[in-house]
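Here are a few notes to go with the model you sent round. Have it open while you read.

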2 protein chains.
Amino acid sequence: MTAKDLGARGNTGIVFRNGVMDFNADVLLGFAQQGGMAPGALMQAFRRIRNGSPASWASVFTDLARRFEASAAAAEDHSATQVAHRAALAMLDPRTGEAREANAGMGRAFRRYLRAAGILLEHRPIPFRSRLLPAYATRSIGSADRLVLVIGGGDTYVEDLWFFGARALVEAGWPVVMVDLPGQGFTPDQGLYFGPSTLEAIAAVLDDLHARGFAGEVVMLGWSGGGILTTKYASAARPEDRIAALVASAPAHDARAMFERALPGVLRRNPDSRLLRVLLSVVRCDPVLDASLSKYDWQFGPAGLMGTLDAVGESVRTDPSLLDLPVLALVGADESEESARQAETVVDAVRPAHPSSRVVTFPAWTGAAAHCQIGNIPLAMREVLGWLDETLRGGIACDWTPWLAARRGARAFWG
Amino acid sequence: MTAKDLGARGNTGIVFRNGVMDFNADVLLGFAQQGGMAPGALMQAFRRIRNGSPASWASVFTDLARRFEASAAAAEDHSATQVAHRAALAMLDPRTGEAREANAGMGRAFRRYLRAAGILLEHRPIPFRSRLLPAYATRSIGSADRLVLVIGGGDTYVEDLWFFGARALVEAGWPVVMVDLPGQGFTPDQGLYFGPSTLEAIAAVLDDLHARGFAGEVVMLGWSGGGILTTKYASAARPEDRIAALVASAPAHDARAMFERALPGVLRRNPDSRLLRVLLSVVRCDPVLDASLSKYDWQFGPAGLMGTLDAVGESVRTDPSLLDLPVLALVGADESEESARQAETVVDAVRPAHPSSRVVTFPAWTGAAAHCQIGNIPLAMREVLGWLDETLRGGIACDWTPWLAARRGARAFWG
């Protein structure tokens, strides 16, 4: 196993030899389809970064975030500022003041973007055990008939979820809620870690929505680790949650198996801690992987990643036979076979009762073959919107025909 | 002078060592901000291309164009098809059936895109000396008060002009006309070459608009070589042309100087044909540059590039003192100094009488520092739209407030 194998997730290997950096580069280029930093600004930044050096990466993007923020005059500039801060966060030690500043700057820029672009999402953190989960929701969400709850993974921040589906949903007229669960985003800074509370927080989010008057159906949209969390939650949801459908890239019922299959064969056959320590010592020779693992340690709390992963993995294991809702699975052809296998298992379990359930696999030429379809998320979201239309008969919460008609009408105005 | 120096135009050098290929890669990534092929699809394509091999580049994109076209279901797919054909065209021998097919496929895909996206541009070739100039115009253009005429350069095809400003203009409510002049796009296939007829065709385009009832003001927007052509035309326009403003990336008054400054010092001091032949023999060892030069030869007609360039360069030389209109110059900080110098000269000449005239220089961190701002064209177009608003007092042809209000209203619909 090379360091690149560990960090790479179906990314293309064009920009950086280092797998983690290269995946991050492909994520940022993917965001450019929907705003964020322009392709030319990203390529210029990549040119200034030393391959394999997290410090070089972080300093280039921190510098850019300051420049974008200082000269921001329009929505696009705020979106670029958000993404530059976000890029810096990917390689900063999250326990430092620099990281806190980047996180604050990212949120500030996203809120300025929403205002400048006239998008009716509001920043509304959700109380959870005397802390606040960072969250954004469509204004007046309480009166919506249906909504999509967007949940990210181990590497996302709540503001990222704008690019992971929220934007496409908002443009199609769907009310949305975006939230960081314990362990996600910058929540470890508040003492919130991946663990049992991560799942419990989903119930708290739904309770908060109900307290605001929401009484409609909920579609869960989970990305990366969010695919594991939403699959588990959907299998044990309370009747009042009214979970109408699950969309995940990708749904997964066995997080431990996913992790174990990612390890080299020798470790799978001899999973003792001595070998794992040797592996980790190898990994820690790669400063980028080391920074990533150190960030994961922070997200898993005082016992760290290795001390917690087994227990957390076990707590989110799902019995697929308990799932009773339509499921759409999004899978990239360049992702691990284990990911595709688990998506199939989940979909096979629900398809008899919910025949619209299916696995959509994106081949390389579509650009959506990497983890979370990061090279073409809009394509994945077209599948999602079409499937929701087909699956949730009776219409979505908002008929978006008037919106399209208004656009066409406006275009006709000068015709 | 290395081959890379000759082909590179402020591109970032990340994707290909070959300068021409790398510039083309950055162009395609830039298009992804506005549609076209998704970043992930482009990166997957780049991974399959052998650096420096035009055949490899052309076959990868031809294959992709077929796949996109065969599975196209929405506007986005047609845009990807258009761009894949376009990418193939950049490295195909334009005298072949493959190139003709790619050109036809590109136009077909763009028209499908316009229909599917509900954009009110129509394909309306413009008669010129018993041939037809490929052109697109806002429907009912004859009744518009003002319009923007978008002119590309030596490497653009009329459908590309959608990404070079037309899209941003249409979204802002501006009527537009996009056209390939003789020598541009695929017009050499009809026997139309760069030369005196290139400028004469601009008058023919305007006459055609007047014949359709248009009696308004015209803004000229020129890119690359189009900056030279529009500067020249604006200096000698007829009163009935009503040219109200010139925007160019970048305006240029002396094409020969631009070409000569791009040559190495030894040639500038000894511009005899023997040295030029030696230079060309070196260039032709790079198959990508060879393909580019062979394409330029085709565009300049039977006498080829070298036999015609001096005369053509002379015919578009502009006396800046003849310019009497506001000028906005867009310049990338990574472009040649000569380009920046000529833009300053043009703007200096008109600024006393037209004080809103200015040069906007985009530094590297904006992503718009390359030739034609290809890494962040939307940023350049924000400058253009703001400047047109400021310069053409009395409002633009269409007040686009209703369009924005309609968008906001639609967003509020589900709020």
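**Notes on the domains of chain A and one loop residue of chain B**

1. Starting with chain A, the domain assignment splits it into domain 1 (17-119) and domain 2 (121-399). Keep in mind that this is a predicted model. Between the C-alpha centres of domain 1 and domain 2 of chain A, the separation is 23 Å.

2. How many residues of domain 1 of chain A are in contact with domain 2 of chain A? The count is 28 residues on the domain 1 side, against 26 residues of domain 2. On the domain 1 side, the elements giving two or more residues are helix H2 (19-31), helix H5 (75-91) and helix H6 (97-117) of chain A. H6(A) provides the largest share, with 7 residues.

3. As for the chemistry of that side of domain 1 of chain A, where it touches domain 2 of chain A, the residues come out as 12 nonpolar, 10 polar and 6 charged.

4. Over to chain B, and to Leu192(B), which sits in the loop between strand S6 (176-179) and helix H8 (196-211). Is Leu192(B) buried or exposed? It counts as buried, because 25 C-beta neighbours fall inside 10 Å, and the cut-off for buried is 20 or more.

5. Which residues does Leu192(B) touch, once neighbours within four places in sequence are left aside? Its contacts are Arg131(B), Pro182(B), Gly183(B), Thr187(B) and Ser197(B). Have a look at Phe300(B) too: it is 108 residues away from Leu192(B) along the chain, with 8.6 Å between the two C-alpha atoms.

Note on methods: Residues numbered from 1 in each chain as written. Chains lettered and ligands numbered in written order. Predicted model: local features only at pLDDT ≥ 70, side-chain atom pairs only at ≥ 80, totals over all residues. Helix = DSSP H or I, 4+ residues; strand = E, 2+ residues; numbered from the N terminus. Buried ≥ 20, exposed ≤ 12 C-beta atoms within 10 Å, placed from the backbone. Contact = placed C-beta atoms within 7 Å. Domains from an automatic or database assignment. Nonpolar A, V, L, I, M, F, W, Y, C, P; charged D, E, K, R; others polar.
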